[in-house]
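Biologist: I would like to learn how strand pairing and helix packing are read from a model. Could we take one example of each?

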Amino acid sequence: MPVGEEFEWEKTEHEAGQSQPVLTQGRSRHAVGTLESSGYKDYLTLRTLVESQGRLACGPSIDGERKGLVGDIYLDSSPLRKFKIYSLEMQGKFIQRDLPNIWKQTSFQPQGPAFFLALLRVGSHPKDTFMNVKAFAPRGGSTLSVRCGAAVPAAQSPTLRLRPLRPGRRAPETVPASPQRAPELARVPASPRPRAASGQRRGGGSSAGHLPKTLLITHPPHPQAFFPPVLFLPPLLGVCPSPPTEESQGVGAEKALLLPVAESFPNLVDNEVGSGTAPVAQDPGWTRVERRDPPESPCLSWRRVLCIFFLPFISSGFAPRVKHRDNFVFENDQLKPGQRSFNWSHLTPLKLKDRSVGLQTEERAGRNPYFTLEGHEFLIFGGSIHYFRVPRVYWRDRLLKLRACGFNTVTTYVPWNLHEPERGRFDFSGNLDLEAFVLLAAEVGLWVILRPGPYICSEVDLGGLPSRLLQDPASQLRTTNHSFVEAINKYFDHLIARVVPLQYRKGGPVIAVQVENEYGSFYKDKAYMPYLHQALLRRGIVELLLTADNADAVARGHIKGVLATINIKTFNEDSLKHLYKVQSNKPILIMEYWVGWFDTWGNEHMVRNAEEVKNSVSEFIRLGISFNVYMFHGGTNFGFMNGATHIDRHRGVVTSYDYDALLTEAGDYTDKYFKLQELFKYIFVTPLPLLPEPTPKTVYPSVDPSLYLPLWDALQYLNRPVISNIPLNMENLPINNGNGQSYGLVLYETTICSGGRLHADAQDMAQVFLNETSLGILADGFQNIDIPKITECQLLRILVENQGRISFSWKIQNQQKGLIGPVTLNNIPLQSFTIYSLELKMSFFERLRSVSWKPVPTHSLGPAFYLGTLKAGSSPQDTFLTFPGWDYGFVFINGRNLGRYWNIGPQETLYLPGAWLQPGDNEIVVFEKKKRGPYIHTTDNPRCCHLSEPQQLACDLCVLECLASPLPEAFALEVLSAWLPLPRHLQAGSSPPPSGSSKGTCYLFLLPVLQKESLCKPCLNSSCGLINFC
């Protein structure tokens, strides 16, 4: 076992009488010892304690001065693995007065390394002094004083003695101390000392390291008064440098301290004692500190000074595993069941009426910095809920669930693009009523951290910035560019005026405000963040300001004088290293702890292990780290608000913002929720609030969209088209009072009179039609389509969809949508475009109600609107829509845009809030871009069947087609074979059911086949509610 200092193996008697291997100093760099296996019936913990006694200051060997274990530890030639490593740096923060009350009375024979606690009282004018620390051990009836490796008679060293007593032994009578005679000590027969396994002990004599000890503190004759509060001892009594030839002659303390044996002491109490006397413990369980008068000291009273004496080996029962990083201690001791250490019941918006200082950061010598709220120490337990992603009627439910879980703070972004859809027109009504949400949080008992941007990311379109900012090519987003700053100032003038009255010192619940978001990952202009900082201050923000950045970007994103916070996915020892480089004197706040992740179309559903989340949060609490769970409740990207990513290609964020959060998209409890609630129960003094009842879900009758309207027929009901000689991108369309188009689709029409190679840069996805015939798709990386030869001029149509602007990275600067640049046919630019804006707002669907819809044909392709009716009964409840057989489109319920569906997944259902349904009939309009399905179904489970696509479609056909209505025999085989290879017994020669057969006959015909092929079993065992007959 190679180590960075010398040592040897030896044995000592364990307190239980069993043999125990220990390490002491020796001369070998590679030590070999023997672990006896006899008598052990359980696993043992091998502890290797290595001390650095100082590195070389010069010489050729200085490069090899690594300390600790510098190689493997072998047991029977096999290297040991899985180590727990404790770092004992013993710096000032660790040695502090405010240690927990875990001190124990010293046993009569204390074993091994330990801390010893005593008090020394100094006079009113402290001066310099010297300290001598010794260990006494009775050997053969005599008392020995061991000072730094040498055994000397105690009579030669008159000192103050702090002596442990065996419980039950009576304290000896007080004997005046003198240079000729030391106080008598209780005699204990010395135990025979086992010899070291290798090498000889240095220092001469027998060590007192494993014998009963009396700690001696010597004061010199001249009281030069200041006594250092912390004393570091030599590592081992038997291996210190050679002792001096003379002992210091000293005097004792003025007072005595009595410490109870059985209890740890909550406070240290001064006890005045008359001069020349020392108290005698009447209870045999007290330890005595004997007093001696200084012959030459004029000092008559002493002040209390805490002194911690220790050897550099520490037992695992006392200290946590630690790794010291700058000013922060990482510790991993387990949270004890039943430990309740936090009581913030009086620190709620409703109870805290006298307000003056708000949320502050403080630091105190000997401990880590921390937050205070109105002077009370406070940890932020935050959870993110975005009001604009949750129906307003459910705000209270979600906030109550946040409070009932144990959180004390809600955090939310403020989306600029939703609140100011056009220049100078602000919307803070309905689902965007920010003030109502903040005040409701206060009513529930939650503080608020507001994140007003202007950029917020949050996986929303363009990170929350209005798309009209992309109209000017010279404008630079997220910089001090004049046009961008001018837009921010006008927005902040309106927004911050609403926020100021909601601040803590104004009686509101807002305790902190964030400056922008994650700018360290963008960092185009070093003057930008300070400008926003001052913009908030000028407008009246007085609460704590903070920044938030990814852990590795905090150095670029922080602002001087503003609290820096970080966003992380996992927590480890490196999570804070960048933060400490810029901010070592502030408390830690994890502004976003990602408990899950968002989904993008065509990728897998993202999940995060609940136990991992619980362990990380437990770690935060143990270390005194404030944190914010992102997300507590994600909600839904209703309408077109979703953003996008661009890693390998452009991918839009799905409609659901479930985020694998503590509450589901629909507000239901999850395993993560209950695990964190259970954790919080153990650390709060007061009980948590009762859980709100789950939001009820239901299944409605299937919807048959029997009417439809082709897009080409609906163009006349759109707003007047734009006529342009060249194609204009979405943002530069001269509509909406000069603000352009933010979301939705754009249809470009022009006339061509020949075929050839068509080239166009379409963002994000475009369908190309010749009249009403589909020619193909233009998408990311595919910009060319071949148009067949034509004999006469025809209408070229390009339908372009904005699938969401990128919400992160420098790419936000180039997020124009629609046709970007010229459209060419055989390299010749096309001209004379008619451009239709399909924003699909509620006003458009109101106009469609007066339209004569057509019956749905047997086969209908191409973009079209489909109309159906959802019967919700007398008491509408939440549900989820499924679209088996449908391809890609958008759903509108009573004119509200629920969002996008797409059969590529991972999202399989669309959340439909019951609050958006009206009793009785509800209008459903589906805009399908490619191919419709037969029905729209509802379920009370957002993901009822986790099947592969062929399995899912086969199951859908089994249940939805066969149970819904009688099917013609040819159609039954046709739709089934369209999705998966038919089993042999269903191929040519098999007997299909008779034409027009009943539901039961069709069901009995298909179900055994699907069951045999193991296609429907997962669905049969699910709770999706669609296949009750199964």
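Modeller: Let us begin with a single pair of residues: V768 has I798 in β37 as its bridge partner. This is a predicted model, in which local features need pLDDT of at least 70 and side-chain atom pairs count only at pLDDT 80 or more, while totals for chains, interfaces and linings use all residues. Residues are numbered from 1 along each chain as its sequence is written, and side-chain values use heavy atoms, with hydrogens and water left out.

Biologist: Over how many bridges do β34 and β37 pair?

Modeller: Strands of a sheet pair through backbone hydrogen bonds, either parallel or antiparallel. Here β34 (residues 765-770) and β37 (residues 794-801) pair over six bridges in the antiparallel sense; two strands pair if DSSP finds at least two bridges between them, and strands are DSSP runs of E with at least two residues, helices runs of H or I with at least four, numbered from the N terminus.

Biologist: In which order do the six strands of the open sheet lie?

Modeller: The order is β30-β41-β31-β37-β34-β35, with antiparallel pairing. β30 (722-724) and β35 (773-778) each have a single partner strand, so one side of each is left without a neighbour in the sheet.

Biologist: At what angle do the axes of α4 and α5 cross?

Modeller: Two packed helices are described by the angle and the distance between their axes. The axes of α4 (residues 482-499) and α5 (residues 528-538) cross at roughly 30 degrees and come within 11 Å; axes are lines fitted to C-alpha atoms, for helices over the stretch in contact, with angles from 0 to 180 degrees between N-to-C directions.
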